[in-house]
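Q: I should like to learn how to read the features of a protein model, one at a time. Could we begin with the charged side chains and then turn to the interior?

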Amino acid sequence: MKPPRLTAPDLDALTSARAGERKLGEVTWRAPEGAEWEASIGLARSAGVRFVLMGVPEDVGVRANLGVTGARDGWACALPGIANVQSNRFLSGSDVWIAGALDIADLCDRAESVRRDAMEADALRAMVAELDSTLEAALLPLFAAGLHPIVIGGGNNNSLPIIRALAQCERATRPDSRIHVLNCDPHADFRAPEGRHSGNPFRYAIEEGTLDRYFALLLHKSYNSESIIAAMQAASEKQPRVAWNWLEDVLEGILDIDDALEQAIAFVEGGTAIGLELDCDAIAGFPTSAYTPSGLHVEQARRLMLLAARRLKPRYLHLSEAAPSRTADGESFARKTLAYLVTDHLRAMGAAGMSSSSR
């Protein structure tokens, strides 16, 4: 595995220094040049780091789901936005490590040479399984060290290796651990286990027993197939392992948006380890592989994710599917929105402010 690596000069180049100000990119912890991945994790923990930002620049999973590409660029788009957030009394960045992106360029290049149709789906899905193993291996030592990953970029396929890594670490010390996940997403990502892709990570996680409970928050009624709904219903009838609610019920006044969040929190809060996920498809106008004009406003998404983080204290945050090239102004929209979501999450999780900064 080639570990994530963002060098100090790279971070400096992304950060716009200004007299009298401090930006997150200037303050965050930096790994020593040339340090191995697990050694860097140990040093980060010793230095008081709590949060690790890591990119997954891929759209192999979306290709394998016969979707529209572009998610490979989500991390590169988000990075300068995050680096240039102000370091201040509300969020200093001193306990944050911007680790960099997983080095999977070779895998992505191989995927680009494969036709994206049903004839070649098996080849792409085998590549997604390869990616699963790579990402899981990178995350295992982070979870084992008690650090909190914020994973950005790529398709929702990456949910499965994140959940697998968390479950493996939790159950190594506590076999009765219960892994629960809240995912805000128009799509349940509960397609048949027909080979790995961005449309079935939670189906795999539930069926293999890695995930104990899954809540899909504010699904869209028109974009989940009858077979997916039936599969979720079957999983919920055997035992309460899967639950969901609908955005349309909020639009029709049947359900208040705050009550929708309360349903989700109540279902997953009993987990011994909880994951928090947002597919950027949930935000109206956000450039993604499954762009939608109808969905949450940015402020609604921020509020839902902030309150969920504050209440649940999850072990990770996963922001997926950003594809900035999908709309004309997509890059600036995605960059700023992802920066807001990340900094909201850090504050909700109790990241250090300037008054408690060691720098």
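A: Let us begin with one charged residue. In this predicted model, Arg22 has a relative accessible area of 40%, so Arg22 is classed as partly exposed.

Q: With which residue does Arg22 form a salt bridge?

A: In general, side chains of opposite charge can pair when their charged atoms come close. Here the partner of Arg22 is Glu26, and the closest N and O atoms of the two are 4.0 Å apart.

Q: How many salt bridges does the model contain by this rule?

A: The count comes to 22 salt bridges. One of them joins the side chains of Asp12 and Arg30, at 2.8 Å from N to O. Asp12 belongs to helix 1 (residues 8-14), whereas Arg30 sits in the loop between helix 2 (24-27) and helix 3 (37-46), so this pair ties together parts that are 18 residues apart in sequence.

Q: Are Asp12 and Arg30 buried or exposed?

A: The cut-offs are needed here: under 20% relative accessible area is buried, over 50% is exposed, and values in between are partly exposed. Asp12, at 42%, is therefore partly exposed, and Arg30, at 27%, is likewise partly exposed.

Q: Which parts of the chain does the salt bridge between Asp95 and Arg50 link?

A: The closest N and O atoms of Asp95 and Arg50 are 3.8 Å apart. Asp95 lies in the loop between helix 5 (74-83) and strand 2 (96-101), and Arg50 in the loop between helix 3 and strand 1 (51-55); the pair links distant parts of the chain, 45 residues apart. Asp95 is buried, with 6% relative accessibility, while Arg50 is partly exposed at 36%.

Q: Which residues do salt bridges with shared partners join into one network?

A: The network consists of Asp59, Arg63, Arg72, Asp109 and Glu112.

Q: Let us turn to the interior. How many residues has the largest nonpolar core, and which have the most contacts inside it?

A: A nonpolar core is read as a set of buried residues joined through their side chains. The largest one has 61 residues, and Leu217 and Leu218 have the most contacts inside it. Helix 13 (residues 298-312) supplies the largest share of this core, 8 residues. Another core, of 59 residues, lies apart from it and includes Ala99, Leu102, Cys169 and Tyr214.

Q: Where is Leu218 placed, and what does Leu218 touch?

A: Leu218 is in strand 5 (residues 213-219) and is buried, at 4% relative accessibility. Leaving aside residues up to four places away in sequence, its contacts include Trp246, Val250, Ile257 and Leu304.

Q: What is the phi value of Leu218?

A: Phi of Leu218 is near 60 degrees, which is positive in a residue other than glycine. Asp189 also has a positive phi, near 50 degrees, and is likewise not glycine. Asp189 occurs in the loop between strand 4 (179-184) and helix 9 (201-207) and is buried, at 8% relative accessibility.

Q: At what angle do helix 13 and helix 14 pack?

A: Packing is read from the angle and the distance between the axes. Helix 13 and helix 14 (residues 330-348) pack at about 25 degrees, with their axes 8 Å apart. Angles under 35 degrees count as roughly parallel, so helix 13 is roughly parallel to helix 14. The crossing is right-handed. Among the residues that meet are Val298, Ala301 and Leu306 in helix 13, and Phe333, Tyr340 and Leu341 in helix 14.

Technical notes
Residues numbered from 1 in each chain as written. Predicted model: local features only at pLDDT ≥ 70, side-chain atom pairs only at ≥ 80, totals over all residues. Heavy atoms only, no water. Helix = DSSP H or I, 4+ residues; strand = E, 2+ residues; numbered from the N terminus. Buried < 20%, exposed > 50% of the residue type's maximum accessible area, 1.4 Å probe, protein only. Core = buried A, V, L, I, M, F, W, Y, C linked by side-chain atoms within 4.5 Å. Contact = heavy atoms within 4.5 Å. Axes fitted to C-alpha atoms, helices over the stretch in contact; angles between N-to-C directions. Parallel < 35°, antiparallel > 145°, perpendicular 65-115°, else oblique. Left-handed = near helix turned anticlockwise from the far one by under 90°.
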